[in-house]
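Q: Please take a close look at the ligand site for me, and fit it into the rest of the model as you go. Prose is fine, and no need to be formal.

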Amino acid sequence: MINSIGKYYKHSATRLIFEGMAKQFCLFLETLGMIGMHAVTAARGLGFVDKKELMYQCYRFGITSLPITLSIVSMSIVIVTSQVALEMVKQGGGHFVGMAVSILVVRELAVIMSGFALISMIGSSLASEIATMRVTEQIDAMRVLKVEPVANLFVPRILSGMLMMPVVCVIASVVGVLAGAVTAELAAGLSYRAFFESAWLGIFAKDMFVSLGKAVCFGACITLISCSCGFEAKGGAKGVGEATTKAVVWSFVAIVIVDMFFAIAFFF
Amino acid sequence: MIKVQNLTKAFNGKKVLDDISFEIKSGETLALVGFSGSGKSTMLKLICGLIEKDSGDITTSDGDIAMVFQYSALFDSLNVADNISFALRERRDLRDKYSPDEIKKIVAEKLELVGLKGIEDKFPSELSGGMQKRVSFARAIVTEPNSILYDEPTSGLDPISSTLIEDYIVRLKDETKASSIVVTHQMSTIQRTADRVIMLYDGKIVFEGTPHQMLKSGNDYTKQFVNASLKGPMTMGLG
Ligand SMILES: Nc1ncnc2c1ncn2[C@@H]1O[C@H](COP(=O)(O)OP(=O)(O)OP(=O)(O)O)[C@@H](O)[C@H]1O
Ligand SMILES: [Mg+2]
């Protein structure tokens, strides 16, 4: 019996699937360890950050991305508000519209949508930039010049993410609520006054602090993961592409997981 | 001083360097030659610590090791001046030592040395391959290192620029008593810069001697190399 299972196993697709899964799991653990190691190395280099470089990275992270981030956030608010505002008004819940929108924006939409936008713009660009430096031996050159590349490249980028993501998140929240107000007016004829009176009731200090905390974590995750994946790139142009894809996928998954933990910790 | 003892390195089970030993005294320049793929770049990367050896020993005298990379490896987001001064600005033990004016002066000096006066503000992508090579040369020597590894410093250069670089390799060696390794395929570079030549083939040293001996010796390997012949003991990849 065991023998025949063994025989079956040896020749079957089952083996392929199991071994494939095991291999993927090992790769997953390897990546996780690699990112953790880089985080430690970067933390050690924290004191040596170059102010000018940090300013530039902040500008890159927070300012260059703003038009796209704000468009994505406000458009998702327009979509959500236009779906529900009219129904709520019809059911006699018009005075809840502003509150619902502001809760949604402040707690979730502003920060997670900004996160997605920043991954696609900044995360991918950080990963491909550092991956290109790796495959063209620029990182090796840095090491020979006795400059620790992880500290030199990662620290200003990670700090810029942690500093600027909350800023982006605040701006996105304000713009998001405004977009909700305009949509409610246009789609359901709700007056601005009614909207904002209700919206005000949905804004709590706790929500704002939790969101800011989330933003700091998102900023750290996106930049750390993108830099790490780029740093480990191998081979030529193909390696750069693979590293960028990996950075984007891992960042997406990471911020959703972080978001979930925040939800469990603060709103259960 | 650079001393290599019983150095072995394999990639994916294939030995690229197999039990290699040699020593370079300070003020001496060694030319490392050999077939493409014979492990010359690998040797340099092992010496400056970019990759891990499998076994053996590498000792170098105190002080900096510099390397001029085969494909320049300039930082493409920085201009020429920032590339050259990178170590002076970013290295933890040097970063507060030089004022911006001093750095400017050093950069101008090094650029003049490699015959590229006044291109401080250009970016690597705006330079020709040969110019990039010379800038990477300037970047490597900015900290006045004790050991210098050159990976094909003159390949891709016109004969005049080659001579310029070769002369500078010699001058630097005389001035600083640095030990250098020059990986090259060019006979002119060997002749002008090297005190000694080591030839690698299939992971082993197949010739060691002076440039003069290399030209005159009856060694089948060097004969084939010097005559650029397809006939001889080195057949790797030639079918
Ligand atoms: N990171 C690596 N992974 C796997 N194999 C490698 C790696 N680096 C080098 N090799 C292999 O080691 C051998 C030696 O490579 P190396 O770059 O040292 O050659 P080289 O002598 O510098 O050649 P060239 O004159 O063409 O520059 C080659 O066969 C190469 O395929
Ligand atoms: Mg090489």
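A: **The ligand site and its surroundings**

Starting at the N terminus, the elements of chain A read α-α-α-α-α-α-α-α-α-α. That's 10 helices and zero strands for chain A. Keep in mind that this is a predicted model.

Now for the site you asked about. Ligand 1 has 13 residues around it, and the closest are Ser36(B), Gly37(B), Lys40(B), Ser41(B) and Thr42(B). Sorted by class, the shell comes to three nonpolar, eight polar and two charged residues. Which element gives the most to this shell? Helix 1 of chain B, residues 40–47, does, with three residues.

Several side chains reach oxygen atoms of ligand 1. Ser36(B) has a side-chain N or O atom 2.5 Å from one of the ligand's oxygens. For Thr42(B), a polar side-chain atom also sits 2.5 Å from an oxygen atom of ligand 1. With Gln70(B), the distance from a polar side-chain atom to a ligand oxygen is 3.0 Å. As for cover, ligand 1 on its own has 630 Å² of accessible area, and the protein covers 60% of that.

Then there's the metal. Ligand 2 is a magnesium ion, and its protein donors are the OG of Ser41(B) and the OE1 of Gln70(B), at 1.9 to 2.4 Å from the ion. Ser41(B) belongs to helix 1 of chain B, while Gln70(B) comes from the loop between strand 5 (65–68) and helix 2 (80–84) of that chain, so this pair of donors ties together parts that are 29 residues apart in sequence. Put the two ligands side by side and a couple of residues turn up twice: Ser41(B) is listed among the closest residues to ligand 1 and is a donor to the magnesium ion. Gln70(B) has its polar contact with an oxygen of ligand 1 and is a magnesium donor too.

Elsewhere in chain B, a couple of backbone details are worth a look. Lys177(B) isn't a glycine, yet its phi is positive, at about 60°. You'll find Lys177(B) in the loop between helix 6 (159–176) and strand 7 (179–183) of chain B. Ala228(B), also not a glycine, has a positive phi of about 50°, and this residue lies in the segment after helix 9 (220–226) of chain B.

Back to the helices of chain A. Its C-alpha atoms fill a box of roughly 65 × 65 × 30 Å along the principal axes. On the surface there's a nonpolar patch of about 840 Å², with Val170(A), Leu178(A), Tyr192(A), Phe196(A) and Phe209(A) among its residues. Helix 7 (149–188), helix 8 (192–201) and helix 9 (205–231) of chain A each put in at least two residues. Helix 7 has the largest share, five residues, and Val170(A) is located in that helix.

Helix 9 of chain A also takes part in a salt bridge, in which the side chains of Arg107(A) and Asp207(A) meet at 2.8 Å, N to O. Arg107(A) sits in helix 5 (residues 97–135) and Asp207(A) in helix 9, so to speak far-off partners: the pair links distant parts of the chain, 100 residues apart. Over all chains, the salt-bridge count comes to 25.

Key
Residues are numbered from 1 along each chain as its sequence is written. Chains are lettered from A and ligands numbered from 1 in the order in which they are written. This is a predicted model: local features need pLDDT of at least 70, side-chain atom pairs count only at pLDDT 80 or more; totals for chains, interfaces and linings use all residues. Side-chain values use heavy atoms; hydrogens and water are left out. A residue is near a molecule or strand if one of its heavy atoms lies within 4 Å of it. A polar contact is a pair of N or O atoms within 3.5 Å; within protein, one must be able to donate a hydrogen and the other to accept it, and residues adjacent in sequence count only if both atoms are side-chain atoms. Accessible areas come from the Shrake-Rupley method with a 1.4 Å probe; for residues, only the protein chains shown count as cover. Helices (H or I, at least four residues) and strands (E, at least two) are DSSP runs, numbered from the N terminus. Ala, Val, Leu, Ile, Met, Phe, Trp, Tyr, Cys and Pro count as nonpolar, Asp, Glu, Lys and Arg as charged, and the others, Gly among them, as polar. Donors are N, O and S atoms within 2.8 Å of the metal (3.2 Å for Na, K and Ca); water is not among the atoms, so sites may look incomplete. Patches are made of residues with over 30% relative accessible area and no salt bridge: like charges are joined within 9 Å, nonpolar side chains (Val, Leu, Ile, Met, Phe, Trp, Tyr) within 5 Å. A salt bridge is a side-chain nitrogen of Lys or Arg within 4 Å of a carboxyl oxygen of Asp or Glu.
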